[in-house]
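The following report describes a single protein chain, moving from individual residues to the chain as a whole and then to its pocket.

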Amino acid sequence: MYFIRTGTVEVLVNDVRVSQLFDGAVFGEIALLSKVPRTATVRAQTASAVYKLERSKLMRILTAYDDVRIKMDKIYTERMERIKCEDSGGRKGSPKLK
């Protein structure tokens, strides 16, 4: 999972831009939390600095800090809903974080 310290990135699904992210945003959480292949491509639009957080460290944070888990659950659910709407194959469900 990545945190954008500075910069602007675009999010592409099937080579179509579906979103743009800025300073403070996160991406890559779906693959980490669901243990699935990535669902999008993220490409820098401006010079960007990002922080990488590995799955094992993320899981420790989510276990220790309920407020972070709740926020990540919200981000995850919103993005999974967006994927379901954009995916012509209609993915099933968006499991909550435990």
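Aspartate 15 has a relative accessibility of 75%, and because the threshold for an exposed residue is over 50%, aspartate 15 counts as exposed. The model is a predicted one, and in it aspartate 15 is placed in the loop between β2 and β3. Its backbone is notable for a phi near 65°, which is a positive value in a residue other than glycine. Lysine 35 also has a positive phi while not being glycine, with a value near 55°; this residue lies in the loop between α1 and β5 (41-44), and with a relative accessible area of 63% lysine 35 is exposed. The two residues are set side by side below.

| Residue | Loop | Phi | Relative accessible area |
|---|---|---|---|
| Aspartate 15 | between β2 and β3 | near 65° | 75% |
| Lysine 35 | between α1 and β5 | near 55° | 63% |

Is glutamate 10 buried or exposed? Glutamate 10 lies in strand β2 and has a relative accessibility of 11%, so this residue counts as buried, the limit for that class being under 20%. The side chain of glutamate 10 makes a polar contact with the side chain of arginine 43, at 2.7 Å. When residues up to four places away in sequence are left aside, glutamate 10 touches Arg17, Ser19, Gln20, Thr41, Val42, Arg43 and Gln45.

At the level of the chain, there are three helices and six strands, which follow one another along the sequence in the pattern β-β-β-β-α-β-β-α-α. Of the 98 residues, 32% count as buried, and the chain exposes about 6,600 Å², of which carbon and sulfur atoms supply 53%. Among contacts between residues at least 6 apart in sequence, 60% join residues that are at least 24 apart.

The largest pocket has a volume of about 430 Å³. It is lined by 21 residues, of which Val11, Phe27, Thr39, Ala40 and Arg79 are the closest to its centre. The elements that contribute two or more residues to this lining are β2 (9-13), β3 (16-21), α1 (29-34) and α3 (66-86), and the largest share, six residues, comes from α3. Sorted by class, the lining of the largest pocket holds 12 nonpolar, three polar and six charged residues. Strand β2 thus appears twice in this account, as an element that gives residues to the lining of the largest pocket and as the strand in which glutamate 10 lies.

Methods: Residues numbered from 1 in each chain as written. Predicted model: local features only at pLDDT ≥ 70, side-chain atom pairs only at ≥ 80, totals over all residues. Heavy atoms only, no water. 1 Å grid on protein atoms, 1.4 Å probe; cavity = no way out; pocket = protein on both sides within 12 Å on 5 of 7 lines; lining within 4 Å. Points joined across faces, edges and corners; volume = space filled by probe spheres on them. Helix = DSSP H or I, 4+ residues; strand = E, 2+ residues; numbered from the N terminus. Nonpolar A, V, L, I, M, F, W, Y, C, P; charged D, E, K, R; others polar. Buried < 20%, exposed > 50% of the residue type's maximum accessible area, 1.4 Å probe, protein only. Polar contact = N/O pair within 3.5 Å; in protein donor to acceptor, adjacent residues only side chain to side chain. Contact = heavy atoms within 4.5 Å. Areas by Shrake-Rupley, 256 points an atom, 1.4 Å probe, with all protein chains shown as cover.
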